[in-house]
Structure formats: structure tokens, C-alpha cells
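Dear colleague,

Please find below the sequence and structure that I am handing over to you. My notes on the findings follow directly after them.

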Amino acid sequence: MSYRPRAVGCLQLLPLLAASAAPLSHLIAQHARGVLGGQTVVAGTVTDPIPGMGSRAEVRLLHPVLFSGWSAAGRWLTLRGTFNLEGWVVPGGELTLGAWGEGFIDRRHPHTYVHELLAVAEVGTHTHGRRALSLAVGKGFAPFGTDDPMMRPIFKYPVNHHLSQILERAIVVLAARTGPVAIEAGLFNGDEPDRPGQWPAIRRFADSWSIRSTLSPWPGFEAQVSRASVASPEHRPGAGLRQTKWSASTRWVRDGRTAHGYALAEWARTSEAEDQFVFTSVLAEGAIRLRQHQAYARFERTERPEEPRTGDLFRSMRPHLENSILGTTRWTIYSAGYRITFASPVRGLALGPFVEGSHGTASERGTGFFDIEGLYGRSTFWSLSAGIRLSWGTLGHRMGRYGAAVVTDDARSH
């Protein structure tokens, strides 16, 4: 199976998105005490090599996301939704070095149409040293790991997406905060979605759990440690192995009138079958913005499982079982980019042209039956992307932190 760019059809959406953004945001703000916003990216990417050797170039509309929120009685009750159209515009995924998960390899999978949909009830004070207690129920992110890469400065997702986040689950999350310390505990279903329109398997709800502790000693800085136990994530009926996951990270954001700084350092570990299969990740990224100009960079070293592929070398067999792992590869990738942001003639719409490049190497870890050079032709890779990001209204929130877990002093935009 091959996937052809839908650039022409996707580009036809842009005038409609631009024309409707500002009026919709104004209407929601006036009559529903809510927020509405969104973003999308039109980008071209060249990657060399790809599975089967050679190179490939694609132009796609990516990250088509709509954010919505509504709150009552201060912040006592909040309704939140994030809707993602990737399943429509990129059903075959996005070319991304080292990407894997949900049946895709070397392509980032499309997320579900309903990315988040939940209600959050919160009580407490909202001063600098606030105390708060909250309960979040719905579909969203389990309290584990770091922020969704979609809301971070770098355009391409890191390889470690499935090691560092647990998303699109049916969740119940209890969170408590006292001053700089927040603790979250969540129950959710272990299964990952197999396709964009799929909902969580409710019969499996509460077969998995996670807990996260966050320390925010001063504005703009936080450190978190989290642990999760996830039942059979890649086998929806539940016959797969349980994963034990750990994550630790520090994050810093500093906003000024004309300058903005951001830095993230994280470590993640996922193990299965009593540590028979272990996948680790180390990542560091940062960004500096001066007025309209932003430069950013990322280093990542992540291990991923290698699974049997179908006739389409970008896809793996599903459902996945532990005895399907052919080996482990370690991906070391350096990425850097530049973006300039300016207002468009359409009120409320911001435009951000960018260029971004990545260079990486892949190596086999331990014993296995996977041959990197036999599949790709070599073990060094490069990718170059250029495009424009369009955003309007409120850019949303830090996906995965709800209620008392939200750091109120944090800067919201990268």
C-alpha cells in the first residue's frame, strides 16, 4: 500500500480555516465564557533513506487541531476538548525519522479524532501558594511523563513519543496540590487505538494505572517523576504483556517582554517480560525566541522495538505480541530549526514560516534478527522540512495536565 500526498485538497482548507477562526473565537468568548483556538501546519519533508532504500518527498497538511474549553464558577468546573483531523488528512502517517507506534514505523501515526474530551472539577485557592484538589474524567492523557510534542517548539515528533507519554485513554485522574508540590494518580485502559476513529475499550478501564509527582519551586521551573503500569497496550483484546514505565524530567520556561526561553531534559524507560525487553530514552531540547524570531534544537537517543513489517514497509503487523519483536535499534538524532512568526491580515491568525533539519544514526542493540543496512541501505539518516504554521485564537493548554496539576505560573506559548 502506498500513501500519496493530499496537498491539493488540504490546501483548499486554508481559506476556510482562516476566515472562520476569528469570528468563532469572538463568539465563544462573548457568549459561552469559553475559549476556542486551533493550529495547523503545511509542510514539505524530504527523508533519506526510507525503508526499502531510496528517499521520499511529501507535502502534507499536518497537526490540524481545534482546541475548545469552557469554565464555570471561576475554575470549579472545566470542560475541555481537543479535536484532531490527522486521520483524514494523513491516514498513512507523517514521514519522521525513527517514529514508531500503533502499527506505524518510520512514520508518525495519525492521532484519534477526539484527542481529549473531559470534564475537570476543582476546588481550592489560586494564589501563588495555592492548595487545590481536582478530579478529571473523560478521554485524555494519563498522568505520566512529559508534554505532548505537538505543543512543544520543534515541529517533528521525537522517537520516544510512546515511551514518554500515555495518551488517548479513558481516564479518571485525581490531583492534589499544596504550594509547589502536585501529585496525580490515574486509572485508565491499557489499549492503544488501532485507528483514528477508535474509542478506548471501556471493558478494559482500570486495568492500568499511573502516578506523577511534580515539584515547581519557582515560576517557570518544574521537575517531575512518574511511574505507570500499562496492560497489553498493543494488543486490544488484552493478550499482550504488561509494560512498566518510568519517566523523569526537568522543564524551564522564561517569558520576557521581547525574549522567551524554553528547555526540557527527560529520561524514560519502558520494560516488558520482567526486563526481557527494555527500551530507554534520553532527550534534551531548547528554544530561544527574540521578538518574532525563534531558534530551537533537540538531541535524542532512544531505543525502539523492531517488529515484522507488512508488504508496506512503513507498517507493522497488528495486533502486536511480545514474540513479534525482532530486535532493538538505538536512534541518535540531532535536530535544529528556525521559525519567524508574524500576524496575518486576518484578525487573530498568526503565521509562522519555518525550516527544520535532522541528522541521525541507527544501530542494532544486542542480538536479534533485524538488519538495518539490509532494510535502509545504510545506518545514517537525514531529513529536511520547510513549511508554515498557522495558529489562531487560544493555543490551548499543556495536554496531560488537568486541574490542580496545572502550573499556574507557567508560560503557555512556545
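Gly38 is buried in this predicted model, its relative accessible area being 0%. The residue belongs to strand β1, which covers residues 34-48. A distant stretch of the chain comes up beside Gly38: the C-alpha atom of Ser391, 353 residues away along the chain, is separated from that of Gly38 by 5.7 Å.

Strand β1 also contributes to a salt bridge. Asp48 pairs with Arg378, and their closest N and O atoms are 3.5 Å apart. This pair links distant parts of the chain, since Asp48 is in strand β1 and Arg378 sits in the loop between α5 (372-376) and β19 (380-393), 330 residues apart. The two partners fall into separate classes of accessibility: Asp48 counts as buried because its relative accessibility of 17% is under 20%, whereas Arg378, with a relative accessible area of 30%, is partly exposed.

Turning to the other salt bridges, the search of the whole structure finds 25. Side chains of opposite charge can pair when their charged atoms come close. One of the pairs is formed by Glu58 and Arg56, with an N to O distance of 4.0 Å. Here Glu58 counts as buried at 6% relative accessibility, while Arg56 is partly exposed at 27%.

A further salt bridge joins Arg298 to Glu285, with 3.5 Å between the closest N and O atoms. Arg298 lies in strand β15 (residues 293-306) and Glu285 in strand β14 (residues 277-290), so that the pair, 13 residues apart, links distant parts of the chain. Both Arg298 and Glu285 are buried. In addition, salt bridges with shared partners connect Asp147, Glu184, Arg212, Glu222, Arg251, Arg398 and Arg401 into one network.

The next topic is internal space. The structure holds 11 cavities of 30 Å³ or more. The largest cavity encloses about 170 Å³ and is lined by 20 residues. Nearest its centre lie Trp100, His162, Glu192, Gln243 and Lys245. Two or more lining residues come from each of α4 (161-164), β12 (243-255) and β13 (259-272). By class, the lining of the largest cavity consists of nine nonpolar, five polar and six charged residues.

The second largest cavity has a volume of about 110 Å³. Its lining is made up of 13 residues, of which Val41, His63, Phe155, Arg339 and Arg389 are the closest to the centre. Eight residues of this lining are nonpolar, two are polar and three are charged.

Finally, I would draw your attention to Lys245, one of the residues nearest the centre of the largest cavity. What does the side chain of Lys245 reach? Lys245, which is placed in strand β12, is buried yet has no salt bridge. The nearest side chain of opposite charge is that of Glu192, 6.9 Å away; a salt bridge is not counted at this distance because the cut-off is 4 Å. The side chain of Lys245 instead reaches the backbone oxygen of His162, at 2.9 Å. Both Glu192 and His162 are also listed among the residues nearest the centre of the largest cavity.

With kind regards

How values were computed
Residues numbered from 1 in each chain as written. Predicted model: local features only at pLDDT ≥ 70, side-chain atom pairs only at ≥ 80, totals over all residues. Heavy atoms only, no water. Helix = DSSP H or I, 4+ residues; strand = E, 2+ residues; numbered from the N terminus. Buried < 20%, exposed > 50% of the residue type's maximum accessible area, 1.4 Å probe, protein only. 1 Å grid on protein atoms, 1.4 Å probe; cavity = no way out; pocket = protein on both sides within 12 Å on 5 of 7 lines; lining within 4 Å. Points joined across faces, edges and corners; volume = space filled by probe spheres on them. Nonpolar A, V, L, I, M, F, W, Y, C, P; charged D, E, K, R; others polar. Lys, Arg positive; Asp, Glu negative; His and termini not counted. Polar contact = N/O pair within 3.5 Å; in protein donor to acceptor, adjacent residues only side chain to side chain.
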